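Reader: Hey, got a minute to walk me through this one? I'd like to talk salt bridges before anything else.

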Amino acid sequence: MQIVVMGAGYVGLVSAACFAEFGHKVTCIDQDAKRIARLNQGEIPIFEPGLDELVAKNVERGTLQFGAGLLPALTSADAVFIAVGTPTRRGDGHADLSFVYTAAEEIARNLQRYTVVITKSTVPVGTCREITKVMRKANLKAEFDVCSNPEFLREGSAINDFMRPDRVIIGCETERASAVIQALYRPLYLIETPMVITAPETAEMIKYASNAFLATKITFINEIADLCEKTGADVQIVAKGMGLDGRIGRKFLHAGPGYGGSCFPKDAIALVRTAQDKGAPLRLVEATIDINRQRKKNMAMRVMDACDGSVRGKSIAVLGLTFKPNTDDMRDSVSLDIIPALQRAGAVIRAYDPAGMEEAKTLLKDVVWCNGPFEAMQGADAAVLLTEWNEFRALDIQRMKAALKQPVMVDLRNVYKPEDMERAGFRYVSIGR
Ligand code: UDX
């Protein structure tokens, strides 16, 4: 089948490369001509393990190409995916859909045959219907269906999530459109991936409800972690014990400094705004957002407490800056709360991240940028483990002790064992144990 993917951002690029890998003929377009030029030179503008190989392989075999304009790819397309950005709108927290509607109008004006238009970007409930209206207005005669096919890609494992998803959600209203989307995902039938075919509103809601639920699940275990600290319980084992209950499940019960990233914070806020507007407030999700925001702010206090109440004049090594490992994404990362807070309290920050430093340099000021974890720890009064990159999971404890001026470690991802650290003479602070 022939597909156009509009938007060469994170979701667009991964989807385009994966559909091409399935054997479809994919054209990925973006209004940013520079981005397209870079892609055509084989440069991948985002960090995602395996994406560069997948793109190169499919460009080589002719299943994937990049372009700046919608035509001529649209002429022979069976489906167009809208994968443009939906940032949080300034002021009111709603998702800003202007890029989506502009894309929809452009598609409508240029349609020449029946085409299925599919939203991949996370869009508020009701957007598919709005897109239909916008397209109809732009072109009375066009033949199309607008469907929702939300993505559930985690940064750092997006290709695997696309190729081996837990489920595919298809929100559409006609058999004709449903048949096209199912044909696009045909390779997944072999691995018996469940497909949920439903109305567009329901599909749109599944995406938001899933993300809000996961954000709430993380926030729940984070609060339990705080209580564990007061009661002497160990949150790691509590999470394991809870997770073995099939009704609860083990995943996303890892206590930490609070969730970040490009999706959970933005999607939870957008869902809460929709709910308030519709007069059906989601108080649990509202609380999740507040608790998480406050938690990220409070993390600097943990570091100060570990440093005898003050970091003034002290040097703090920060290991990891991205919101999670295997990405260069800094969006809503806890590092953006914790580092400025420590700096305001008088600390000098020495930081290292395996992939996020380029982006971090544009967001954080007056940081001593280091080339590795030990360089960051050299002469520092304490180390803070912020992101659980593999590179930080098995650091030589004695070498850390030798590098640091004081053996103090604040491990916000519970990577190390308290008994090992204490045996080595560290003052070791982790989460919920
Ligand atoms: C998320 C969803 O998982 C994905 O389905 C959706 O489509 C996009 O948003 P992503 O933002 O890439 O993916 O990262 P994810 O792995 O879900 O982690 C999000 C945040 O939660 C990170 O800050 C992570 O550190 C945190 N987290 C996750 C925890 O603190 N504890 C956990 O147990 C899991």
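Author: Sure. Keep in mind that this is a predicted model. Let's begin with arginine 113, which is partly exposed at a relative accessible area of 37%.

Reader: OK, which residue does arginine 113 meet in a salt bridge?

Author: Aspartate 78, with N to O at 3.3 Å. The two sit in distant parts of the chain, 35 residues apart: aspartate 78 is in the loop between β3 (64-67) and β4, and arginine 113 is in the loop between α4 and β5.

Reader: And is aspartate 78 buried or exposed?

Author: In between. Aspartate 78 has a relative accessible area of 21%, so it counts as partly exposed.

Reader: How many salt bridges in the whole structure?

Author: The search finds 21. One of them pairs glutamate 21 with lysine 57, whose closest N and O atoms are 2.7 Å apart. Glutamate 21 belongs to helix α1 (residues 10-21) and lysine 57 to helix α3 (residues 51-60), so this pair ties together parts 36 residues apart in sequence.

Reader: Got one inside a single helix?

Author: Yep, aspartate 420 with arginine 423, at 3.6 Å between the closest N and O atoms. Both lie in helix α16 (residues 418-423), three residues apart, or about one turn. Arginine 423 is exposed at 65% relative accessibility, while aspartate 420 is partly exposed at 26%. There's also a network: Asp226, Glu229, Arg295 and Arg302 are joined by salt bridges that share partners.

Reader: Switching topic: which residues of α4 are buried?

Author: Val100, Ala103, Ala104, Ile107 and Ala108. Looking down the axis of α4, the buried residues fall within an arc of 135°, so they line one face of the helix.

Reader: What do they pack against?

Author: Three strands and a helix: β1 (2-6), β4 (79-82), β5 (115-119) and α5 (127-138).

Reader: Does the geometry of that helix hold up?

Author: It agrees with expectation. With 13 residues at 1.5 Å each, α4 (residues 98-110) should span 18 Å, and its end C-alpha atoms are 19 Å apart.

Reader: Last thing, what are the domains?

Author: The domain assignment gives domain 1 (2-198) and domain 2 (201-433). Their C-alpha centres lie 32 Å apart. Between them they bury about 2300 Å², 55% of it on carbon and sulfur atoms. Phe47, Val125 and Glu155 supply 29% of the area that domain 1 buries against domain 2, more than any other three residues.

Reader: How many salt bridges across that interface?

Author: Two, by the rule used.

Conventions: Residues are numbered from 1 along each chain as its sequence is written. This is a predicted model: local features need pLDDT of at least 70, side-chain atom pairs count only at pLDDT 80 or more; totals for chains, interfaces and linings use all residues. Side-chain values use heavy atoms; hydrogens and water are left out. Helices (H or I, at least four residues) and strands (E, at least two) are DSSP runs, numbered from the N terminus. The expected span of a helix is 1.5 Å times one less than its number of residues. Buried means under 20% relative accessible area, exposed over 50%, partly exposed in between (1.4 Å probe, protein chains only). The arc is that of the directions from the helix axis to the C-beta atoms. Contact means heavy atoms within 4.5 Å. Domain bounds come from an automatic or database domain assignment. Buried area is the accessible area (1.4 Å probe) that two parts lose on being put together, summed over both. A salt bridge is a side-chain nitrogen of Lys or Arg within 4 Å of a carboxyl oxygen of Asp or Glu.
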